[in-house]
Amino acid sequence: MNAVTPPSPNAPVAAVIGGTRGLGRQLAVQARDAGLDTYVYGRSVHTMAPADARGFVLRELDLSDPASVDAADVDLPGPLHLFWVAGAFLKKPLVHTTDAEIEGLTSLLLTGPLRLLRRILATAPASVHLVTIASSSGWRRRENESLYCALKAAQAHVSRSLVPELVAADPANRVTVINPGGLAVPDFHTGLEIDYGTMMDPAEVAGIIWRAAAEQSAPFQELQILRSREPGAEGTPIVSHGPRVPEPPL
Ligand SMILES: NC(=O)c1ccc[n+]([C@@H]2O[C@H](COP(=O)([O-])OP(=O)(O)OC[C@H]3O[C@@H](n4cnc5c(N)ncnc54)[C@H](OP(=O)(O)O)[C@@H]3O)[C@@H](O)[C@H]2O)c1
């Protein structure tokens with residue numbers, strides 16, 4: 001149910017794991033609008049409004065279900081820009097967190113993507129540029145978010161750790177780790193009282209990510225995209241390079 005013409009060999013393509021909503025959708029829209037064949041993965045691909053799905057190749061995927069991950073269509077041409085974006089938030093003291101929440105978030109943010117990445121990398125016909133959307137929560141001091149923070153830190157470090165083996169497999173392979181701060185994505189922070197006027201615009205952040213990825217020549221780069229808290233400039237993205245040392249917990 002897509003209107004995309006078959007990709008031509010050797011034309012760059014984009015695949016967005018978690019491209020149906022939020023930041024992932026903006027990354028997919030900007031890829032499509034730039035003329036790239038764009039593959040969108042998510043649970044809700046077949047319930048997207050036709051206007052929202054226009055121009056995408058839609059691929060159903062539930063990262064929390066190993067059978068879905070193993071059955072997902074990973075036939076992707078290349079060179080491939082592969083965005084690892086899918087996620088969900090959890091703000092809860094650990095003692096109130098259920099087994100199902102621990103298992104569900106871990107499979108969504110870490111083990112499901114690793115199973116999927118293993119399949120994509122094993123069959124990729126050309127070079128892969130992995131762009132990982134981690135989070136400033138991987139190094140910021142946070143309260144009642146220990147599981148989420150741990151998994152975002154793990155996502156970033158898995159991506160850094162993959163660089164040697166990816167470059168050994170193909171010197172053209174690349175990895176980018178992005179650590180965004182708060183985005184104006186109400187779906188993500190369901191149930192929380194948040195002033196979205198002080199958060200970053202996901203379309204603007206997607207543009208920054210695409211430019212950084214397109215200009216990258218080194219095998220690896222890491223970016224922080226944090227929001228300004230200056231009065232009058234709240235929510236303006238501030239970009240800096242390199243990893244951050246974790247903040248002290250107290
Ligand atoms: N929002 C923020 O303030 C913020 C800040 C820093 C980092 N981040 C990170 O940015 C990423 C995107 O967040 P967002 O704010 O754009 O969130 P969002 O609007 O809630 O989008 C989440 C995306 O993940 C997909 N997804 C969720 N569960 C899935 C599952 N089980 N299997 C496959 N796909 C699944 C969703 O697709 P379906 O529902 O179709 O499955 C959707 O496309 C996340 O990794 C998040 O940790 C967000």
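**Caps, burial and a pocket**

Mentor: At the N-terminal end of H6, Asp201 acts as a cap, with a side-chain oxygen 3.0 Å from the backbone nitrogen of Ala203. Helices (H or I, at least four residues) and strands (E, at least two) are DSSP runs numbered from the N terminus. The model is predicted, so local features need pLDDT of at least 70 and side-chain atom pairs 80 or more, while totals for chains, interfaces and linings use all residues. Residues are numbered from 1 along each chain as its sequence is written, and side-chain values use heavy atoms, without hydrogens or water.

Trainee: How do you know that the span of helix H6 agrees with its number of residues?

Mentor: The expected span is 1.5 Å times one less than the number of residues. For the 14 residues of H6 (residues 202–215) this should give 20 Å, and the end C-alpha atoms are 20 Å apart, so the two agree.

Trainee: Why is Arg32 called buried?

Mentor: Buried means under 20% relative accessible area, exposed over 50%, and partly exposed in between (1.4 Å probe, protein chains only). Arg32 has 15% relative accessibility, and therefore counts as buried. Arg32 belongs to helix H1 (residues 22–33). Thr38, in strand E2 (residues 37–42), counts as buried at 0%.

Trainee: What makes the approach of Thr38 to the backbone nitrogen of Arg32 a polar contact?

Mentor: A polar contact is a pair of N or O atoms within 3.5 Å; within protein, one must be able to donate a hydrogen and the other to accept it, and sequence-adjacent residues count only through two side-chain atoms. A polar side-chain atom of Thr38 lies 3.3 Å from that nitrogen. Contact in general means heavy atoms within 4.5 Å. Beyond neighbours within four places in sequence, Arg32 is in contact with Thr38, Arg54, Gly55 and Phe56. On the same terms, the contacts of Thr38 include Ala14, Ala28 and Val57.

Trainee: Why is Glu143 called partly exposed?

Mentor: Its relative accessible area is 47%, which falls between the two limits, so Glu143 is partly exposed. Glu143 sits in the loop between strand E5 (128–133) and helix H5 (146–169). The side chains of Glu143 and Arg141 share a polar contact of 2.8 Å.

Trainee: Which residues of H6 are buried?

Mentor: They are Pro202, Val205, Ala206, Gly207, Ile208, Ile209, Trp210, Ala212 and Ala213.
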